[in-house]
Amino acid sequence: DFVEKDENIKALILLYDLLNYRLDVIEGIKIQNDKRVLQKVHPQIRKLVILMKYQAKNKNVKFDYCHEQNNKVYLSRNIYLAMFLLMENAVKHSPFDSTIFIDFKENDDYTETIISNNSRKIEQDEIPKLVQRGYRGANTISKGSGLGLTLAKKILDEYDADFKIEVIDINKSECIYKVSFKFYTYRKHREIKK
């Protein structure tokens, strides 16, 4: 009851649990954390926004996310970690005083989640390298190991989640960095594709 009423305590507990899990998967994704349960994506995103807003506060980065999402899709603890890694990446690479946008697109078959933020310039030929283990972007300013995107992509690929990175140029030094992925209302979306 105490935890549910205090967002600071809730964020600390969520972060503690997630960091322990993240350390646990350094050598590889754990099968036991892949139990898939039919649920909505939005509550998971809401928890992650609560968790990430303290890290984002240091840069005065805000979150603007859609408050409606209707489909129930198959999610697991591994997926929660992948979404955390993508949101953490967005916070790390967002400039000061900016906003991270999280949107959903849905139809009867899937829910697509789109996370976008402003970033330093990323060249188009660099996009495939961003998900290579240990690679850090040419213009990056954050201290990272280059493992987060690799792990997130691996998890999402195992879900056949159509993970995609898109970079939209704003000017010579800035771009919009956008990641998207789909979760299907069927256990395996290949069942509905021909």
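Helices here, labelled H, are DSSP runs of at least four residues, numbered from the N terminus, and I begin with that because one of the two salt bridges I want to show you sits inside such a run, helix H5.

Please keep in mind throughout that this is a predicted model. The protein chain averages a pLDDT of 83, with 73% of the residues scoring at least 70, and the confidence is uneven along the chain, being lowest in helix H1, residues 2-5, at a mean of 60, and highest in strand E4, residues 99-106, at 97. Over residues 189-194 the pLDDT stays under 50, and for that stretch the model has eleven contacts beyond four places in sequence.

Now to the charged pairs, of which the structure holds two that qualify as salt bridges. In helix H5, the side chains of Asp157 and Lys153 meet at 2.4 Å, N to O. Why might these two be placed to pair? Asp157 and Lys153 are four residues apart in helix H5, so about one helical turn separates them. In general, an α-helix has 3.6 residues a turn, so residues three or four places apart point the same way. Both partners are partly exposed, Asp157 with a relative accessible area of 35% and Lys153 at 25%.

The other salt bridge joins the side chains of Lys121 and Asp169, at 2.9 Å, N to O. This pair links distant parts of the chain, 48 residues apart, with Lys121 in the loop between strand E5 and helix H5 and Asp169 in strand E6. Lys121 counts as buried, at 13% relative accessibility, whereas Asp169, at 43%, counts as partly exposed.

Let me turn to helix H4, residues 77-93, whose 17 residues reach 25 Å from the first C-alpha to the last, close to the 24 Å expected at 1.5 Å a residue. This helix is mostly covered, with 14 of its 17 residues buried, and its N-terminal end is capped by Ser76, which places a side-chain oxygen 3.2 Å from the backbone nitrogen of Asn78.

Finally, I would like to look at Thr111, which lies in strand E5 and is buried, with a relative accessible area of 0%. Leaving aside residues up to four places away in sequence, Thr111 touches several residues, including Val41, Asn71, Phe104 and Phe181, and its side chain makes a polar contact of 3.4 Å with that of Gln69. The C-alpha atoms of Thr111 and Lys40 are separated by 9.1 Å, although the two residues are 71 apart along the chain.

Note on methods. Residues are numbered from 1 along each chain as its sequence is written. This is a predicted model: local features need pLDDT of at least 70, side-chain atom pairs count only at pLDDT 80 or more; totals for chains, interfaces and linings use all residues. Side-chain values use heavy atoms; hydrogens and water are left out. pLDDT is the predictor's confidence in each residue, from 0 to 100. Contact means heavy atoms within 4.5 Å. A salt bridge is a side-chain nitrogen of Lys or Arg within 4 Å of a carboxyl oxygen of Asp or Glu. Buried means under 20% relative accessible area, exposed over 50%, partly exposed in between (1.4 Å probe, protein chains only). The expected span of a helix is 1.5 Å times one less than its number of residues. A polar contact is a pair of N or O atoms within 3.5 Å; within protein, one must be able to donate a hydrogen and the other to accept it, and residues adjacent in sequence count only if both atoms are side-chain atoms.
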